[in-house]
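Subject: Handover of a structure, with notes

Dear colleague,

Please find below the structure that I am passing on to you. I would be grateful if you kept it open while reading the notes.

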Amino acid sequence: MGPAYVNEPLRLCVATMLMLAILLAPDGPALAQGRGAGSGEREPAPSAGPTDRAELETFLDDLFANDMQAHHIAGAVVAVVKDGKLLFTKGYGYADLEHHIPVDPAQTLFKLGSLTKLFTWTAVMQLVEQGRLNLDADVNIYLDFRIPDTYPQPITLRHLMSHTAGFEDLHAEMVALKEEDVAPPRAWLAAHLPARVRPPGEAAAYSNYGAALAGHIVARVSGQPYSQYVQEHILAPLGMESTTALWPAPPELRARESAGYMYDQRTYQLFPSLFGPEDLFPAGVMRATATDMARFMIMHLQGGSYGDSASEVRILKEATVRQMHGTLYAPDPRMLGNAYGFFEFSDNGQRVIGHSGSGEPMESLLLLLPDQNLGVFVAYNSLGAGELNRQHFGFQRAFFDHYYPAPALESIQPPTDFAERAERFTGAYRWTMRAYTTLEKGFALGAPTVYVTNPGDGTLLLESPYGAWRVVEAQPLFFRQVDGPFHMAFREDDQGRIVYLFTDYTPMMAFERVPWYEATGFTVAVLGISLLSLLTLLIVALLRGIRRHRTRNPASHGARVAYWLSVAIGLLNLLFILGNVVWGEQIVFGVPFAYKVVLGVGVLSALLTAGGLVYTALAWKGRDWGVAFRVYYTLVTVAAVAFVWLMNQWNLLGWRY
């Protein structure tokens with residue numbers, strides 16, 4: 001991520017972090033509405049791959065017209081390179097609606113979001129070539145602060161490049177609404193070190209922090225600020241004069257940046273400006289034109305060089321580029337994995353490496369087909385484009401189905417004994433890009449989740465935010481789609497329990513099996529029952545107060561204390577939930593004082609709940625109430641205890657940030 005950037009997972013967290021909203025959410029995933037592999041909306045191109053510029057323009061004109069209308073996108077751009085040259089580029093819609101400035105592929109700068117990481121990894125490999133960085137060394141030797149030795153294995157640059165370092169994912173104080181509120185340079189990374197929650201190399205979990213750490217290493221080893229290094233050693237040699245890693249951009253480029261839009265109430269509205277610390281620049285600071293991104297793609301496709309023999313500029317050795325494009329990590333050798341900073345997005349029989357970017361509200365996608373010497377870059381300037389830059393869906397699905405139709409798929413039959421083993425795989429699997437040790441853990445309830453069920457026909461049904469698939473076991477723990485080419489694999493621990501799910505669709509992310517006590521359904525049930533019982537207590541309190549007033553029959557002192565103690569617990573818990581609704585989402589900008597008070601309310605409620613347990617025992621011993629009310633009071637106290645357990649389970653008990 002970068003200064004005016006909040007990544008896709010962060011947007012998901014902000015949208016789903018409110019505890020009360022969880023009660024209103026359906027118990028299951030919402031399926032993406034991307035184009036399927038067999039949509040058949042357009043006739044395939046007459047030959048494999050785009051070769052005719054006129055035909056390519058016709059196809060893209062139609063595609064962008066439909067997508068921009070359907071997703072309320074104000075402006076977009078595309079660039080296609082082939083055989084070392086720019087084959088096609090074009091802008092669509094407006095970069096500035098108010099002033100009617102159209103998108104110009106050579107003039108309009110778009111936020112690249114996480115595509116910035118490709119420049120970060122390119123910088124890393126330049127320094128590796130020079131012998132100044134070692135991909136297998138403990139990254140602590142390059143840092144001015146220390147990553148804890150949580151596991152025996154050290155974190156290396158290979159782990160950072162493949163997103164397998166094992167960091168949790170945190171968002172607190174990641175962005176600011178005012179530039180003066182941004183953390184000073186070289187302060188944010190050390191102050192926001194995420195916990196190491198799994199051994200390096202065990203599983204992928206996309207990490208903005210890891211990319212930022214790599215950029216910090218580039219700066220320390222090179223002796224130049226990250227942005228200056230990228231400008232001098234990548235952008236300038238490639239002639240990318242309309243691209244910048246500086247924030248703010250130089251005035252002549254700033255004037256050409258596209259505005260960002262969101263569509264609301266049938267009108268386009270400007271997206272608010274967001275700022276981030278300089279330490280996060282390597283994860284998403286850059287802005288570029290489509291024609292400049294064409295140069296970057298050509299460089300990678302041409303083995304690290306740009307231009308012809310008379311004017312060739314080389315920024316990487318050919319062997320280095322081959323290494324960058326090769327597989328660095330895969331959860332299973334039969335599956336798509338991660339290259340050196342790129343991800344394997346192979347599709348319809350073509351090897352593809354690429355990366356997507358979200359620089360809110362803008363979305364971008366870069367795809368390289370090394371075997372075809374082809375590269376594609378697309379960018380959109382509006383919030384509704386999130387589905388279009390998703391790998392294997394949106395733009396990629398349409399482009400590949402048109403130019404590289406899927407080969408015939410060999411049928412696969414389930415093993416005859418699979419029905420006996422199917423249940424060991426069923427359950428919920430939540431993705432690994434989430435928090436584990438801070439109060440942000442609660443936001444994981446809204447994180448993308450795969451639900452695996454057994455339909456009883458020898459297959460497994462996987463439902464997720466990316467789609468729904470039936471898969472068949474091809475080999476032990478290894479599955480293939482019934483009607484598609486993509487694979488899924490499960491991993492078991494030393495006791496034979498299934499702990500991970502991996503998919504070809506998400507090489508940058510694994511899915512971790514959710515224990516029953518952290519399942520969304522169970523959490524919602526406990527929260528709902530707890531709140532319902534506490535709400536009924538408030539009603540009962542009102543009715544009993546009215547009755548006592550009329551009958552003039554006061555209860556004993558102990559009974560009154562026990563009674564009002566429970567009422568206080570109920571009110572505090574309601575205030576705690578309300579406070580999370582009002583102030584919880586602001587944690588991305590920092591923890592406001594009001595939210596610290598809310599967390600204190602939770603602590604106070606927990607202390608009073610302990611007192612409630614004591615008075616429950618006294619109520620049964622003293623028999624001040626009838627049996628029915630004693631049972632009711634006990635149930636209310638149990639509900640309060642369950643609420644405390646829930647707060648602690650999701651790291652909301654205390655000040656854990």
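The notes below go through aromatic rings, nonpolar cores, salt bridges and two individual residues.

Please bear in mind that this is a predicted model, in which local features need pLDDT of at least 70, side-chain atom pairs count only at pLDDT 80 or more, and totals for chains, interfaces and linings use all residues. Residues are numbered from 1 along each chain as its sequence is written, and side-chain values use heavy atoms, with hydrogens and water left out.

Aromatic rings

The structure holds 32 aromatic pairs. Rings of Phe, Tyr and Trp (its six-membered ring) pair if their centres lie within 6.5 Å; planes under 30 degrees apart count as stacked, over 60 as edge-to-face and the rest as tilted. One of these pairs joins F399 and Y403, which are tilted, with 5.0 Å from centre to centre and 50° between the planes. Both residues belong to helix α12 (residues 394–403), where they are four residues apart, about one turn of the helix. Helices (H or I, at least four residues) and strands (E, at least two) are DSSP runs, numbered from the N terminus.

Are these two residues, F399 and Y403, buried or exposed? F399 is buried, with a relative accessible area of 0%, and Y403 is buried at 1%. Here buried means under 20% relative accessible area, exposed means over 50%, and partly exposed lies in between (1.4 Å probe, protein chains only). F400 and Y404 also form a tilted pair, since their ring centres are 5.6 Å apart and their planes are at 40°. F400 is buried at 0%, and Y404 is buried at 2%. These four residues, F399, F400, Y403 and Y404, belong to one aromatic cluster together with F59, F64, Y92, Y380 and F395.

Two rings have a charge over the face. R334 lies over F478, at 4.0 Å from the ring centre, and K441 lies over W650, at 5.5 Å from the ring centre. The rule is that NZ of Lys or CZ of Arg must be within 6 Å of the ring centre and within 35 degrees of the ring normal.

Nonpolar cores

In soluble globular proteins, nonpolar side chains tend to be buried together. A nonpolar core is a set of buried Ala, Val, Leu, Ile, Met, Phe, Trp, Tyr and Cys residues joined through side-chain atoms within 4.5 Å. The largest core has 78 residues, of which F119, L157, L160 and F296 touch the most other members. Apart from neighbours within four places in sequence, L160 is in contact (heavy atoms within 4.5 Å) with W121, V139, I155, A165, F167, G210, L213 and A214. A second, separate core of 58 residues includes F64, L365, Y403 and L462.

Salt bridges

There are 21 salt bridges in the structure. The term denotes a side-chain nitrogen of Lys or Arg within 4 Å of a carboxyl oxygen of Asp or Glu. One of them joins R158 and D136, at 2.5 Å from N to O. This pair links distant parts of the chain: R158 is in helix α5 (residues 157–162), whereas D136 is in the loop between α4 (116–129) and α5, 22 residues apart. R158 is partly exposed at 24%, and D136 is partly exposed at 47%.

R421 and D417 form another salt bridge, at 3.1 Å from N to O. R421 is partly exposed at 28%, as is D417 at 34%. In the salt bridge of D493 with R497, the closest N and O atoms are 2.9 Å apart. In addition, R53, E57, D61 and K90 are linked in a network of salt bridges.

Two individual residues

T289 lies in the loop between β7 (287–288) and α10 (290–301), and T289 is buried at 0%. The side chain of T289 makes a polar contact with that of T291 (3.3 Å). A polar contact is a pair of N or O atoms within 3.5 Å; within protein, one must be able to donate a hydrogen and the other to accept it, and residues adjacent in sequence count only if both atoms are side-chain atoms. A polar atom of the T289 side chain also lies 3.2 Å from the backbone nitrogen of D292.

Q323 lies in helix α11 (residues 318–325) and is partly exposed at 29%. Not counting neighbours within four places in sequence, Q323 is in contact with M125, L135, R158 and Y340.

With kind regards
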